[in-house]
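Visitor: Hi, could you walk me through this model? I'd like to ask things as we go.
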Amino acid sequence: MSLSDDELFVLSYYRSSEINGSLFFGRLARALRPGPVQHDLTRHFADEAQHAWYWTRCIDALGARPLKLAEAYQDRYLEAAGLPLNLMEVLAITLVFERRVINQYAKHLALRGLHPQIGATIGRIMEDERWHVQWVREALADLEQRFGKDHVEATLRRYREADREVYAETLAEYEERLGFLSGPAQEAAP
Ligand SMILES: [Fe+2]
Ligand SMILES: [Fe+2]
């Protein structure tokens with residue numbers, strides 16, 4: 001069984017987004033002062049780089065080559081949400097984004113007839129993504145004293161709204177490509 005065009009597109013899109021994530025967090029990790037956030041963010045960016053490699057390897061094993069895509073999910077994200085201005089905002093947007101990633105991978109994992117290679121790749125990546133959500137949530141809670149709980153919550157709300165907007169937009173734009181992700185029921189349709 002080999003990849004359909006739509007699957008190849010989606011897996012390539014995941015790969016590009018993982019690369020973007022790695023570059024974004026890598027730049028931040030380079031700029032941060034010594035401390036726990038510097039420590040965890042360094043592991044985080046290394047994970048995202050690995051994820052891009054897992055997708056590259058998975059696509060290769062399924063007999064294809066990743067597509068070169070002009071944009072990744074994060075490009076729209078920063079446009080809709082605005083550039084984060086401080087560490088708290090960076091962590092808030094990251095938390096919202098990582099939740100979206102887990103959600104998307106879980107949705108994909110639940111597809112009926114999923115190729116085992118793709119399932120194994122998502123399963124392996126999800127282990128790391130769960131840790132990403134966990135450390136960022138904890139780091140953000142630590143910042144509540146400095147920034148105020150209300151302010152942190154309002155920031156999260158703002159990013160969640162932007163996230164919903166971007167996700168809906170992306171789904172609409174790539175409707176045909178992503179149609180197979182709408183769920184197992186889709187496969188039964190004529
Ligand atoms: Fe990732
Ligand atoms: Fe992640």
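Guide: Sure, starting with a helix pair: α4 and α5 pack at an angle of about 155°, with their axes 9 Å apart. That makes α4 roughly antiparallel to α5, as angles over 145 degrees count as roughly antiparallel, those under 35 as roughly parallel, 65 to 115 as roughly perpendicular and the rest as oblique. Axes here are lines fitted to C-alpha atoms, for helices over the stretch in contact, with angles running from 0 to 180 degrees between N-to-C directions. Helices are DSSP runs (H or I, at least four residues), numbered from the N terminus.

Visitor: Is the crossing of α4 and α5 left-handed or right-handed?
Guide: Left-handed. The term applies if the near helix is turned anticlockwise from the far one by less than a right angle, and a clockwise turn is right-handed.

Visitor: Which residues make that contact?
Guide: From α4, they include Leu 91, Leu 95, Ile 102 and Tyr 105. From α5, Ile 122, Met 126, Val 133 and Leu 140 are among them. Two residues are in contact if their C-beta atoms, placed from the backbone, lie within 7 Å.

Visitor: How do the residues of the contact of α4 with α5 divide?
Guide: Into 14 nonpolar, 4 polar and 5 charged. Ala, Val, Leu, Ile, Met, Phe, Trp, Tyr, Cys and Pro count as nonpolar, Asp, Glu, Lys and Arg as charged, and the others, Gly among them, as polar.

Visitor: Okay, back up a bit. Where do the model and its numbering come from?
Guide: This is a predicted model, where local features need pLDDT of at least 70 and side-chain atom pairs count only at pLDDT 80 or more, while totals for chains, interfaces and linings use all residues. Residues are numbered from 1 along each chain as its sequence is written, with chains lettered from A and ligands numbered from 1 in the order in which they are written.

Visitor: What pLDDT does the protein average?
Guide: It averages 89, and 94% of the residues score at least 70; pLDDT is the predictor's confidence in each residue, from 0 to 100. Over residues 184-190 the pLDDT is below 50, and that stretch has 6 contacts in the model beyond near neighbours in sequence.

Visitor: Back to Ile 102. What is Ile 102 in contact with?
Guide: Setting aside neighbours within four places in sequence, Ile 102 contacts Met 126, Glu 129, Arg 130 and Val 133. Ile 102 sits in α4 and is partly exposed because 16 other C-beta atoms lie within 10 Å. The cut-offs are 20 or more for buried, 12 or fewer for exposed and in between for partly exposed, counting other C-beta atoms (placed from the backbone) within 10 Å.

Visitor: And Glu 138, why does that count as exposed?
Guide: Because Glu 138 has 12 C-beta neighbours inside 10 Å. Glu 138 is in helix α5, and its C-alpha is 17 Å from that of Asn 86, 52 residues apart in sequence.

Visitor: What about Arg 124?
Guide: Also in α5, which covers residues 116-142. Arg 124 has 13 C-beta neighbours inside 10 Å, so it counts as partly exposed.

Visitor: New topic: at what angle do α4 and α7 pack?
Guide: About 45°, with axes 9 Å apart; α4 spans residues 87-109 and α7 residues 149-173. That makes α4 oblique to α7. The crossing is right-handed. The contact includes Met 88, Ile 93 and Arg 100 of α4, and Val 152, Tyr 159 and Asp 163 of α7. The residues of this contact divide into 9 nonpolar, 1 polar and 4 charged.

Visitor: Last one: where is Asp 40 placed?
Guide: In helix α2, residues 36-61. Leaving aside neighbours within four places in sequence, Asp 40 is in contact with Trp 135 and Ala 139. With 19 C-beta neighbours inside 10 Å, Asp 40 counts as partly exposed.

Terms used:
Helix = DSSP H or I, 4+ residues; strand = E, 2+ residues; numbered from the N terminus.
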